[in-house]
Amino acid sequence: MHKIAEVEIQHDIMVANKKLAKRNQKILDKSNVFAVDVLGAIGSGKTSLIETLIKKMNLKIGVIAGDVISKFDANRFEQYKVPVVGLNTGKECHLDAHLVEHALEDLPLEKIDLLFIENVGNLICPVDFDLGSHIRMVVVSVSEGDDTVEKHPLIFKDSDLVVINKVDIAEAVDADEEKMASDARMLNPDAIVIKSSLKTEKGVDEIINVIENFMNG
Amino acid sequence: MHELSMADAMVKTILDAAEKNQAEKILEATIEIGKLTMLNPDQLKFLLEVLTEDTLLEDSEIHIEEIPVEIECKSCDYKGLTNVDDSDHYLIIVKCPQCGERDLKVTSGRECNVKNIKIEKSD
Ligand SMILES: Nc1nc2c(ncn2[C@@H]2O[C@H](COP(=O)(O)OP(=O)(O)O)[C@@H](O)[C@H]2O)c(=O)[nH]1
Ligand SMILES: [Mg+2]
Ligand SMILES: [Zn+2]
């Protein structure tokens with residue numbers, strides 16, 4: 001005889017990712033590593049910013065390079081003789097906690113104070129996937145258009161630090177960096193918003209200060 | 001968008017549960033998708049059809065239920081649904097429908113939940 005049964009599953013894929021992310025954070029905390037999830041569109045300046053921070057911060061830095069073209073970015077970081085793991089995400093539009101878990105296994109965590117995780121260049125998909133980082137930093141450049149912030153509210157609402165980058169070319173691309181900054185503040189009153197240029201290093205010291213403040217709790 | 005990897009994870013979750021419960025057939029499966037996940041239900045449905053070929057789920061009826069967005073306002077203590085305006089559906093996470101303040105927490109609408117299945121098994 002056959003019978004029909006209802007089976008409750010209640011397995012939320014987002015919740016499962018969050019659990020893994022919490023576990024990642026525990027692993028990081030055990031080795032006293034502070035991790036920053038670096039988000040933003042392709043070309044916004046994520047890799048350049050991390051490179052600048054490696055040069056200017058007086059800390060032991062490590063990098064997980066998760067951008068789709070990870071080999072290129074990973075090679076860029078390797079020049080600075082810091083531990084780097086490149087994640088091959090294939091066509092995936094975001095990193096998830098599981099991928100990061102494996103990258104952590106390949107890093108000498110005891111030798112790292114500050115870990116940057118460069119996410120896949122995308123302003124939408126990474127939002128729902130916590131990685132286990134302590135803060136989220138989103139890098140948006142003026143050349144993406146000054147309505148980019150208001151068009152992508154979720155990512156700005158979920159970030160602790162918003163970097164409005166490439167202000168050196170704002171005039172040339174007819175973008176109002178003030179509008180982008182105030183849109184970010186409107187979406188997320190708790191976020192710290194910094195205007196920067198990696199060409200002139202405007203705002204870089206401020207970014208360093210903010211990250212160090214977060215690290216010191 | 002990541003409909004494919006999500007659909008893949010859902011199918012695995014369902015087949016796993018079916019196996020654990022010695023299902024011979026899966027009649028129905030219900031999935032809940034939060035309105036803020038940016039997952040497109042039509043695309044998801046299509047991918048589920050493709051991914052379930054030659055599995056126990058091949059002929060099952062898969063229901064996709066949308067979960068509305070709920071917020072909590074830190075300024076006026078409003079708790080509950082916000083109206084989704086499809087032309088600009090983000091606004092809801094930005095402004096409290098009651099007091100207009102912006103300091104909100106999204107409490108529901110980001111789910112991607114495999115809820116339940118209806119199976120046939122021998123007793
Ligand atoms: N003018 C200008 N160019 C920048 C700035 N920051 C980055 N770039 C350039 O933008 C391009 C993309 O930067 P990259 O760091 O690779 O972006 P990613 O894809 O977000 O990692 C590179 O050619 C950088 O030199 C900036 O502040 N000003
Ligand atoms: Mg990059
Ligand atoms: Zn309110």
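Hi everyone, this is a short walk through a metal site, a pocket, a cavity and a few single residues.

Some housekeeping before the tour. This is a predicted model, in which local features need pLDDT of at least 70 and side-chain atom pairs count only at pLDDT 80 or more, while totals for chains, interfaces and linings use all residues. Residues are numbered from 1 along each chain as its sequence is written, chains are lettered from A and ligands numbered from 1 in the order in which they are written, and side-chain values use heavy atoms, with hydrogens and water left out.

Let's start with the metal. Which protein donors does the magnesium ion, ligand 2, have? They are A:Thr47 through OG1, A:Asp73 through OD and A:Glu118 through OE, lying 2.1 to 2.2 Å from the ion. A donor here is an N, O or S atom within 2.8 Å of the metal (3.2 Å for Na, K and Ca), and since water is not among the atoms, sites may look incomplete. Along the sequence, the spacing of these donor residues reads T-x25-D-x44-E. A:Thr47 sits in helix H2 (residues 46-56) of chain A and A:Asp73 in helix H3 (residues 70-78) of chain A, so this pair ties together parts that are 26 residues apart in sequence. Helices (H or I, at least four residues) and strands (E, at least two) are DSSP runs, numbered from the N terminus. Are these two buried or exposed? A:Thr47 is buried at 5% relative accessibility, and A:Asp73 is buried with a relative accessible area of 5%. For reference, buried is under 20% relative accessible area, exposed is over 50%, and partly exposed is in between (1.4 Å probe, protein chains only).

Now for the empty space. Rolling a probe the size of a water molecule over the atoms shows where such space is left. On a 1 Å grid over the protein atoms alone, a cavity is a set of points where a 1.4 Å probe fits but cannot get out; a pocket is an open set with protein on both sides within 12 Å along at least five of seven lines, and lining residues have an atom within 4 Å of a point. Grid points are joined across faces, edges and corners, and a volume is the space filled by probe spheres set on the points.

The largest pocket holds about 910 Å³. Its lining counts 39 residues, and A:Lys18, A:Asp130, A:Lys157, A:Asp158 and B:Arg110 lie nearest the centre. Two or more lining residues come from each of helix H1 (13-30), strand E6 (135-141) and helix H6 (153-157) of chain A, and from strand E5 (104-108) of chain B. H1(A) gives the most, with six residues.

There are also two cavities of 30 Å³ or more. The second largest has about 40 Å³ of space, and its lining includes A:Ile124, A:Leu154, B:His2 and B:Met38.

That brings me to backbone angles. B:Met38 is a residue other than glycine with a positive phi, near 65°, and lies in the loop between strand E1 (25-34) and helix H2 (41-51) of chain B. A:Glu201, also not a glycine, has a positive phi of about 65°. A:Glu201 is in the loop between strand E8 (192-195) and H8 of chain A and is partly exposed at 35% relative accessibility.

Finally, the cysteines. Over all chains there are zero disulfides, meaning pairs of cysteine sulfur atoms within 2.5 Å. B:Cys73 is buried at 5%, whereas B:Cys76 is partly exposed at 24%. Thanks for listening!
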